[in-house]
Amino acid sequence: MAADAPRQCVPLTCHGHSRPVPHISFSGLQKDGGYYLISACKDNNPMLRDGQTGDWIGTFIGHKGAVWQARLSHDALSAATASADFTAKVWDPHTGECHYTISHNHIVRAVAFPPDNSDLIATGGYEKKLRIFDLSEASASAPPVSPENGDGKAQDGITIKAENGFEIGAGSHQASIKFIVWTRDTNVLVTAAGNTLRWLDLPSRSVIKEEVLDGEIGSCEFNSPAPDLLEGSDIGGGLPVLAVAAGKMVYFWGGAQAMDELKRTKLGYKVASVAVDTKGRRFIVGEDTPSTWARVYQWDDESEYDVHKGHHGPVWSLAYAPDTKLYATASEDGTIKLWKNCDGPYGLWRAGDAQPA
């Protein structure tokens with residue numbers, strides 16, 4: 001896309017959810033060049049979609065409370081969800097089967113996989129505890145599963161108690177954990193709780209860095225194109241960039257442990273979410289209540305590049321696709337929108353950047 005001419009493409013609108021969508025995330029790039037989009041929703045029913053077209057693939061059925069977060073593993077062979085029903089669940093994205101239910105003592109707000117391993121999962125939430133679970137150990141020690149839904153499989157899969165996970169940074173979180181990011185150095189995780197980011201070291205199980213931000217953290221996500229597309233000229237020098245929205249500020253960190261501050265920008269409004277296109281050198285910001293807009297800025301001079309006014313509620317979550325050719329916005333209005341981020345035809349958009357097919 002030309003740097004001096006924003007393209008006012010008609011977005012693709014993904015319907016299907018009946019309540020606000022607090023979180024979305026993309027899978028990595030698959031062998032066929034495609035990818036998936038997973039969404040969490042307060043209607044209890046996370047959904048999986050084709051990331052390029054927004055077409056519905058399936059709904060994960062089993063939660064009994066609002067789902068706050070949903071993520072896919074690096075190989076897209078596992079999905080994880082965090083819910084107000086005091087559980088995190090791990091699913092097979094291709095069958096919709098629930099493999100594991102991790103019971104907690106309070107609402108679960110955050111889940112994360114490591115960048116290269118789907119046997120480990122981190123959870124956090126209202127208990128103010130960061131826990132790590134080894135799913136392979138849970139499978140090996142689990143008793144035989146008795147049928148509960150008529151097809152020989154338990155609806156909730158293998159049940160894991162929260163106490164079976166090992167806690168990192170015990171006593172360090174003073175507010176609910178809303179986000180967890182597992183850095184490229186798999187010994188280091190980042191948590192967002194209240195107005196504070198914490199970097200935690202797995203071997204010592206301790207906090208190694210803290211940053212108090214401008215206000216309550218609205219979003220905290222890793223941003224990176226597919227590994228094969230990474231280049232030294234990208235923002236972050238070819239490593240993922242941690243993008244954080246808090247108060248009226250957006251923050252960006254890079255490096256193998258996401259500890260190197262790259263930029264912080266103060267805006268004239270309260271922010272709900274932020275994501276960065278490390279190749280296209282832009283970032284997009286979702287405005288907090290009562291606004292319904294998302295604004296795109298140039299990275300280098302922070303000039304406004306575009307404004308998206310298609311939602312009817314605040315934009316709680318933003319994500320760039322792994323090929324960076326589109327990005328997604330998720331809103332209080334219960335919809336997800338896909339916005340084209342490249343020249344020429346792509347997905348359901350015809351040549352000329354006009355109405356999608």
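For the residue classes I will use today, Ala, Val, Leu, Ile, Met, Phe, Trp, Tyr, Cys and Pro count as nonpolar, Asp, Glu, Lys and Arg count as charged, and the others, Gly among them, count as polar. With that in hand, and bearing in mind throughout that this is a predicted model, let me start with the largest pocket, whose lining by class has 24 nonpolar, 9 polar and 4 charged residues.

That pocket holds about 900 Å³ of space, and 37 residues line it, with Phe26, Gly28, Arg184, Phe222 and Ser224 lying nearest its centre. As for the strands that contribute, at least two residues of the lining come from each of β2 (23-26), β6 (67-72), β15 (177-182), β19 (217-223), β23 (271-277) and β27.

Since β27 has just come up, let me turn to the sheet it belongs to. Four strands make up an open sheet, ordered β1-β29-β28-β27, and the pairing within it is antiparallel. Its edge strands are β1 (12-14) and β27 (315-320), each of which pairs on one side only, and from one strand to the next the twist averages 20 degrees. Within this sheet, strand β28 (residues 326-331) is joined to strand β29 (residues 336-340) by 5 bridges, the two running antiparallel, and across that pairing tyrosine 327 stands opposite tryptophan 339 in β29.

Now to a second region, which centres on strand β11, covering residues 120-125. Is this strand enclosed or open to the outside? Of its 6 residues, 5 are buried, meaning under 20% relative accessible area, and therefore β11 is largely enclosed by the rest of the structure. On one pairing, 4 bridges join β11 to strand β10 (residues 108-112), and these two run antiparallel, with valine 111 standing opposite threonine 123 in β11. On another, 4 bridges join β11 to strand β12 (residues 130-134), again in an antiparallel arrangement, and here isoleucine 121 stands opposite phenylalanine 133 in β12. Together β11 and β12 form a hairpin with 4 residues between them, and in the turn lysine 128 has a positive phi of about 65 degrees.

The same strand also takes part in an internal space. The structure holds 3 cavities of 30 Å³ or more, and in the second largest of them there is about 50 Å³ of space. Which element gives the most to the lining of that cavity? The answer is β11, with 3 residues; the lining includes Thr123, Gly124 and Gly125, along with others such as His104, His106 and Lys129. By class, the lining of this second largest cavity has 3 nonpolar, 5 polar and 3 charged residues.

Finally, a word on the cysteines. How many disulfides does the structure have? The count comes to 0, and cysteine 14 in particular is in no disulfide, the nearest cysteine sulfur, that of cysteine 41, being 13 Å away, where a disulfide would need the two sulfur atoms within 2.5 Å. Cysteine 14 has 4% relative accessibility and so counts as buried, and cysteine 220, at 0% relative accessibility, counts as buried as well.

How values were computed: Residues are numbered from 1 along each chain as its sequence is written. This is a predicted model: local features need pLDDT of at least 70, side-chain atom pairs count only at pLDDT 80 or more; totals for chains, interfaces and linings use all residues. Side-chain values use heavy atoms; hydrogens and water are left out. Buried means under 20% relative accessible area, exposed over 50%, partly exposed in between (1.4 Å probe, protein chains only). Two strands pair if DSSP finds at least two bridges between them. On a 1 Å grid over the protein atoms alone, a cavity is a set of points where a 1.4 Å probe fits but cannot get out, and a pocket is an open set with protein on both sides within 12 Å along at least five of seven lines; lining residues have an atom within 4 Å of a point. Grid points are joined across faces, edges and corners, and a volume is the space filled by probe spheres set on the points. Axes are lines fitted to C-alpha atoms, for helices over the stretch in contact, and angles run from 0 to 180 degrees between N-to-C directions.
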